[in-house]
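Notebook open, coffee poured. I want to go through this chain strand by strand and jot down what I look up.

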Amino acid sequence: MTHLSNGTVATDIDANDDNAALSAQGYTIRHIETYHRDIDVSCIVWDAPAITEADLPF
């Protein structure tokens, strides 16, 4: 799992535990990327959950 500075997360498509945890936390799938080189590698790019008014401290 890779966390980017803008709140986006990327995981391996086969990382079932990580993917399930992100989904349960409210992350949504932005898109799936597949790289075709010597071997095919696919990953899921996730968007961070939206912040709601209930999440604000005031």
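Before I talk about bridge partners, I need the pairing rule: two strands pair if DSSP finds at least two bridges between them. I also keep in mind that I am looking at a predicted model.

**Entry 1, the sheet.** I looked up the strand order first. I find an open sheet of four strands, ordered E1-E2-E4-E3, with antiparallel pairing. Strand E1 (2-3) and E3 are the edge strands, each pairing on one side only.

**Entry 2, E3 and E4.** How many bridges join E3 to E4? I get eight, with the two strands running antiparallel. The connection between E3 and E4 is a hairpin through three residues. For one rung of this ladder I checked Ile29, whose bridge partner in E4 is Trp46.

**Entry 3, E2 and E4.** Next I moved across to strand E2 (residues 9-12), which pairs with E4 in the antiparallel sense over four bridges. Which residue of E4 stands opposite Thr11? I read off Ile44. For Asp12 the bridge partner in E4 is Cys43.

**Entry 4, Ile29 again.** I went back to Ile29, which lies in strand E3 (residues 28-36). Buried or exposed, or something in between, for Ile29? Its relative accessibility is 46%, so I log Ile29 as partly exposed. The cut-offs I used put buried under 20% and exposed over 50%. Then I looked for a nonpolar patch on the surface and found one of about 250 Å², made by Ile13, Ile29 and Ile32.

**Entry 5, charges.** I searched for salt bridges and the structure holds one. Which side chains meet in it? They are those of Asp47 and Arg30, at 2.5 Å, N to O. This pair links distant parts of the chain, since Asp47 sits in strand E4 (residues 40-47) and Arg30 in strand E3, 17 residues apart. A general note to self: side chains of opposite charge can pair when their charged atoms come close. I checked the cover on both ends. Asp47 has a relative accessible area of 24%, so it goes down as partly exposed. Arg30 comes out at 44%, and therefore it is partly exposed too.

**Entry 6, Ser42.** I wanted a residue in E4 with little accessible area, and picked Ser42, which is in that strand. Ser42 has 19% relative accessibility, so it counts as buried. What does Ser42 touch, leaving out residues up to four places away in sequence? I list Asp12, Ile13, Glu33 and Thr34. With Thr34 there is also a polar contact between the side chains, at 3.0 Å. Two of the names on that list have come up before: Asp12 as the bridge partner of Cys43, and Ile13 as a member of the nonpolar patch.

**Entry 7, past the last strand.** Last stop was Glu53, in the segment after E4. Glu53 has a relative accessible area of 70%, so I mark it exposed. How far apart are the C-alpha atoms of Glu53 and Asp17? I get 29 Å, for two residues that are 36 residues apart along the chain.

Methods: Residues numbered from 1 in each chain as written. Predicted model: local features only at pLDDT ≥ 70, side-chain atom pairs only at ≥ 80, totals over all residues. Heavy atoms only, no water. Patch = residues over 30% accessible without salt bridge, like charges linked within 9 Å, V, L, I, M, F, W, Y side chains within 5 Å. Areas by Shrake-Rupley, 256 points an atom, 1.4 Å probe, with all protein chains shown as cover. Salt bridge = Lys/Arg side-chain N within 4 Å of Asp/Glu carboxyl O. Buried < 20%, exposed > 50% of the residue type's maximum accessible area, 1.4 Å probe, protein only. Polar contact = N/O pair within 3.5 Å; in protein donor to acceptor, adjacent residues only side chain to side chain. Contact = heavy atoms within 4.5 Å.
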